[in-house]
Every structure is written in structure tokens, then in C-alpha cells.
Amino acid sequence: MSSAGVVPLLGRVATAVSEAIARVRPETADADPVVRRSDRADFQSNAALPLAKSVGTPPAQLGGELAASIDRAQGVIADVRVSGPGFLNITLADSAVWESVAARLTDERLGIPATEDGRRVVIDYSAPNVAKEMHVGHLRTTIIGDSLARIFEFLGADVVRANHLGDWGTQFGMLIQYIDEHPESPWHTEELDADTSSVSALDTLYKAARAQFDADPEFADRARTRVVALQAGDLDTVARWREIVAESEKAFGAIYDRLGVLLTPADYVGESFYNDQLADTVTELVDKGVAVDSDGAVVVLSEQVKGPDDKPAVLMARKRDGGYGYDSTDLATIRYRIASLHADRLLYVTDSRQALHFQLIFEAGRRAGWLTEAIQVDHVAYGTILGPDGKPFKTRAGGTVRLMDLLDEAVARVRAVVAEKNPDLASAELDTIAEQAGIGAVKYADLSTSRVKDYTFDPVRMTSLNGNTGVYLQYAHARVCSILRKAGTTMPAEIDANVPLEPAERELALVLDGYGTVLDEVAEALEPHRLAGYLYELARAYTAFYDSCPVIPAEEPIRSNRIALCQLTARTLELGLGQLGIAAPRRM
Ligand code: ARG
């Protein structure tokens with residue numbers, strides 16, 4: 001984990017342009033070199049245009065001066081041309097491109113520096129609710145959060161995964177009371193096992209309890225008394241609550257295993273964990289003047305956000321009856337994660353409808369002095385998964401879609417697609433591949449969409465072999481692996497940097513070189529779809545290369561150079577898919 005990294009070619013070009021700016025116009029030495037990939041050459045710099053204005057030289061003339069001054073002696077840049085009003089079209093030396101491929105290929109981190117080294121990042125994600133089944137609404141937080149956890153971990157961060165289970169609150173009084181009053185209920189009679197059936201039973205009980213709670217005021221009273229008993233630590237009540245939580249955790253675990261996400265029981269830090277911090281949190285907020293009394297309740301009135309009635313938006317720190325709710329717990333999460341976990345960065349991955357809630361929590365954290373300038377905090381918001389009718393995804397009967405059913409459907413579909421393409425696959429291997437590709441398809445469809453957008457859950461499209469899908473990328477990876485098997489070597493191929501580059505080789509090498517830059521962007525913007533888009537671009541650059549540059553039949557040293565490109569492509573695809581939480585089978 002301690003590689004300083006290979007400097008990307010784009011960065012080296014940017015440095016060369018900056019140095020030229022400093023030589024030609026020392027007074028503007030810190031101007032942005034504005035370097036980008038370009039269709040006309042390898043890179044383009046647009047620095048001359050804004051600079052020309054500030055120094056009062058015609059842009060074309062300044063462009064010419066810069067072009068003449070850019071250092072070619074280091075062997076990175078071979079050619080610079082001024083075009084149009086003063087753009088610089090910059091072409092790299094072929095040898096510099098080959099050398100970057102060689103340097104990445106021989107580095108275990110592919111030359112990517114650990115830019116988040118030493119930073120502690122707390123990621124709050126998944127957070128399903130106990131006694132309810134995980135449904136489609138928990139899919140996005142689980143896979144977006146997991147991908148971010150993987151990327152931050154790769155970049156060297158010390159990641160704390162916080163699965164903020166909904167395991168506390170008045171609904172548990174209701175549920176426990178109902179179970180006790182119904183000795184015939186499946187909770188008592190059925191064998192509890194590790195599969196999800198006991199949780200479906202709980203889910204059903206929960207709905208029945210809710211119905212009675214709403215219809216029967218006497219039951220509602222008994223349920224409230226039961227909540228008080230739970231909070232007071234009554235042994236029988238707590239024991240029953242533990243049972244319910246444990247059953248739910250097992251069922252969540254089964255889904256996490258199937259999804260292949262990193263969450264483990266050690267990451268279950270549910271709402272109940274904060275229970276004994278709530279009173280102190282509220283006291284501190286009151287002492288600091290952040291929270292105030294309002295008719296017996298304790299509230300935080302926003303100084304920044306107004307509600308619909310033009311009054312300040314409110315966080316409920318403590319209810320009038322002395323109880324604590326969702327707001328109270330999140331005031332405690334931000335305090336705890338900063339003061340006790342020493343987070344440098346906090347991410348809360350939940351749907352966009354909670355935007356106001358987190359805005360208010362962050363504001364309160366700042367006013368309380370917990371959240372300082374040095375700490376970054378983000379609500380990683382995402383849109384809704386829609387059904388075929390363009391409305392939030394529901395079953396035909398209008399119920400919530402169980403996550404397991406959804407995964408089964410995707411896996412079955414991929415199984416058919418792979419079986420047709422590959423009729424000779426043994427059935428056990430087909431099962432493994434279908435599972436990896438089906439789960440991968442669901443994840444990729446989600447992660448390749450800009451997270452703030454809604455998207456339609458479309459099992460046919462997401463499992464297609466063509467287009468921007470997980471299956472396409474997995475196939476691309478498997479194809480590269482198959483060529484590498486034919487090449488017969490597992491050691492990084494030796495590169496001869498004097499071989500002239502073909503255009504498709506050049507394009508592929510430059511895309512490969514941009515991987516670390518994309519990872520840094522993802523960590524900055526918290527947008528895994530940028531990585532998905534990058535991998536798709538890489539797979540396409542590889543396909544174009546493969547169509548025009550034969551690998552195995554080529555003569556040496558061309559053959560080895562091309563094998564090296566294949567090797568770096570395979571490793572980049574495997575690593576990148578892994579960072580999206582998607583498997584990269586070597587055969588498909
Ligand atoms: N359990 C909540 C839900 O299902 C999500 C909790 C998110 N995390 C948090 N710290 N509020 O909507």
C-alpha cells in the first residue's frame with residue numbers, strides 16, 4: 001500500500017505547460033495549464049487564451065511562445081502545435097507512453113497513489129429496518145455505499161462502515177406486545193432458521209401489529225407501556241427484542257452475502273447503540289444554546305432553512321414526552337463519529353428525500369462546534385428505482401418488491417443469456433457465472449447511473465451483452481483473459497519502448513493511464529458512475545485495439561508490447577469492477 005504512484009501522463013504534460021508559462025510570463029507562473037485529452041492530438045492546452053487577456057499579448061502569439069518553450073528534452077513531449085486562436089495540440093513521445101504502461105504493469109497498485117492515506121472516512125450505508133424485509137429501497141444505499149467503501153479503502157483511507165440499522169423505537173413495543181398476545185403466531189411455532197422465512201414471518205406480524213395498534217386504542221396503550229419497559233431495560237422485553245434483532249440481522253447477512261457487499265456483523269451499529277448517548281447529546285446542545293425548549297420539547301431551530309410556513313425548519317432533539325426519535329439519533333451519530341471515531345470525512349448514503357434532514361443535522365453539528373472546517377461531511381443522496389410504469393417500483397399487487405426476488409430474476413435471466421452463448425458450459429459453472437453476472441448486472445445498472453437520478457429497473461436491458469452493462473464488461477474482461485491464456489505467460493510482459501505506437505494502441509494506453517485520475521474524481525464527487533463510465537470507455541478502447549492489432553500472431557517485440565497492453569487492461573478491468581463490488585470471472 002505504499003506506492004508513491006506513477007504520475008499520469010496528463011499530469012506530466014500539465015507540469016511541462018506550467019513550466020513553460022513560468023518561463024515565458026513569470027508574473028503568471030501559477031496560472032492553470034488547462035490540459036485535457038483531445039481528438040486532434042494526445043492532449044490539448046487552452047492556457048494561452050485566458051492568459052493572453054491578462055498579460056495583453058495576442059493569444060496566437062502567446063501560444064507560439066509557449067509552444068516554443070515547452071520542454072521536449074525530457075522525452076515526454078514529442079510535438080507541440082498551435083492551432084486556431086492559440087490552442088496547443090500536444091503529442092507525446094511513443095516511448096513515454098510505452099514506459100507508462102510498463103511502470104503501471106509492474107506496480108501492484110497499477111501505479112495509483114494512495115491519495116486518501118491516513119484519513120478516516122465513516123460511511124453510513126444500507127441501514128435496513130429490523131423486523132422488516134429488505135426491499136428494493138435498500139438496494140441503492142447498499143451498493144453505492146459499498147462501492148465508495150471499496151474505493152476509499154483502495155485509496156488508503158481508514159474506512160469505518162456504519163450500518164445504522166433501524167433497531168430501536170416505539171414500533172418494537174408494539175411488535176413485542178403483539179407477539180406476546182398471540183402465542184399461536186409463527187414467531188412461537190415455526191423453527192427459526194437462517195433463511196429469510198422467519199423475517200417474512202416478522203414482517204407479517206409487524207403489519208398485523210401495526211393494524212391492531214391503529215384500530216385498538218387499548219392495545220396501543222399496552223404497546224406504549226411495552227416501549228417504556230424496553231427502554232427501562234425490562235429483562236423479558238429486552239430478551240425478546242434481542243431475538244427479533246438477531247433474526248433480522250441473520251436475514252440481512254444472507255442478502256449481504258449474496259450481494260457480495262463488505263458489511264459484516266461487526267458493522268451493525270444500529271440506532272440502539274446511541275441510546276445511552278442521547279441524553280448527553282441533548283444536554284450539550286442545550287448548554288451550547290443550539291437547542292431550545294419549545295412547549296416542553298427540545299428542538300433545534302434552523303438559522304438557514306425555513307419550512308413551508310416561513311418558520312425555521314426544526315429538528316426534534318427530544319419529544320415532549322421525553323422520548324427520542326430519528327432526529328435525536330442522528331444528532332448523536334454526528335457527535336459520536338467526530339468526537340469518538342475521529343472521522344475526517346463522514347458520508348451518509350440515503351435517498352434524496354432525506355436531504356433536508358441531513359442539512360439540518362449538519363447545520364446543528366456546525367453550530368455545536370463538532371463539525372469544523374477540517375471535517376468534510378456529505379449526504380450521498382440518490383434517486384428512486386422506478387418500475388416499468390415509470391412509478392416507484394412496486395410488485396404487481398402494489399406491495400414492496402423483496403430484494404431477494406429481484407436478484408433471483410436477474411440471475412435467471414443472465415443464466416439464459418450465458419447458456420445460449422456458451423452451450424458447452426457445465427451446469428455448476430453456469431450457475432456460478434450466472435450468479436456473478438446476474439448480481440453484477442443489478443449492481444452495474446445502478447452504479448452506472450448518476451446517483452441523483454431516478455432509473456428504471458429493467459432486467460432485460462441490464463443483462464444485455466451489448467451496451468453499457470455489467471455483463472458486457474465482464475465479457476470484455478473474460479475475452480482479454482482468454483487471449484492471455486493463449487499467450488501462455490503470467491509474468492508481466494517485457495516492453496520495448498522503441499516500438500512505434502499504432503493509433504489504437506496509443507488510445508488504449510492513454511485510457512489505461514487515466515484510471516487513477518478517475519478514482520480521485522470518484523472520491524471527490526462521491527460518484528461511482530464515473531468509474532463505471534471509465535471502465536466502459538476502457539472496454540471499448542480495448543475492443544478497437546483488438547480489432548486492428550493482432551496480438552498472438554504478431555512478431556516480437558510488437559507481440560510482447562501488445563501482451564503487456566492486454567495484461568494491464570485485464571488488471572484494470574478486474575480492479576475497477578471489484579471497486580464497484582462486481583466480480584470479474586476469467587471465463588464466461
Ligand atoms: N433506517 C433508515 C431508513 O430505512 C436509514 C438510516 C440512514 N442513516 C442514518 N444515519 N439516518 O430509511
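## A motif named in UniProt

An unreviewed UniProt entry places the short sequence motif "'HIGH' region" at residues 128–138. Keep in mind as you look around that this is a predicted model. How much helix and strand does the chain have over residues 128–138? The answer is 0% helix and 0% strand, and the C-alpha atoms at the two ends of this stretch are 6 Å apart.

## A domain named in UniProt

UniProt, again in an unreviewed entry, also gives the annotation "domain: Arginyl tRNA synthetase N-terminal", and it covers residues 11–92. Over residues 11–92, 40% of the chain is helix and 23% is strand. The end C-alpha atoms of this stretch are 12 Å apart.

## Around the ligand

Now let's visit the ligand. Which residues are around the ligand? They are Asp124, Ala127, Asn129, His164, Gly166, Asp330, Thr333, Tyr348 and Thr350. Sorted by character, this shell has 2 nonpolar, 5 polar and 2 charged residues.

Two elements of the fold each supply at least two residues of the shell: helix H12 (326–339) and strand S10 (345–351).

## Where H17 meets H20

Next come the helix pairs. Two packed helices are described by the angle between their axes and the distance between the axes. Take helix H17 (residues 470–487) and helix H20 (residues 529–548): their axes come within 10 Å and cross at roughly 45 degrees. Because of that angle, H17 is oblique to H20. The crossing of the two helices is left-handed.

On the H17 side, the contact is made by Tyr472, Leu473, Ala476 and Val480. H20 brings Leu535, Tyr536, Ala539 and Tyr542. How do the residues of this contact divide into nonpolar, polar and charged? There are 8 nonpolar residues, no polar ones and no charged ones.

## Where H20 meets H21

H20 also has helix H21 (residues 558–579) as a partner, with axes that come within 10 Å and cross at roughly 155 degrees. Why is H20 called roughly antiparallel to H21? Angles over 145 degrees count as roughly antiparallel, so the crossing angle makes H20 roughly antiparallel to H21. H20 passes H21 in a left-handed crossing.

From H20, the contact is made by Leu531, Leu535, Leu538, Ala539, Tyr542 and Phe545. From H21, the contributors are Leu565, Thr569, Thr572, Leu573, Gly576, Leu577 and Gln579. The residues of this contact divide into 9 nonpolar and 4 polar, with no charged ones. Try finding Leu535, Ala539 and Tyr542 of H20 in the structure: they take part in the contact with H17 and also in the contact with H21.

Key
Residues numbered from 1 in each chain as written. Predicted model: local features only at pLDDT ≥ 70, side-chain atom pairs only at ≥ 80, totals over all residues. Near = placed C-beta within 6 Å. Helix = DSSP H or I, 4+ residues; strand = E, 2+ residues; numbered from the N terminus. Nonpolar A, V, L, I, M, F, W, Y, C, P; charged D, E, K, R; others polar. Axes fitted to C-alpha atoms, helices over the stretch in contact; angles between N-to-C directions. Parallel < 35°, antiparallel > 145°, perpendicular 65-115°, else oblique. Left-handed = near helix turned anticlockwise from the far one by under 90°. Contact = placed C-beta atoms within 7 Å. UniProt positions renumbered as here; feature names shortened; annotations may be inferred.
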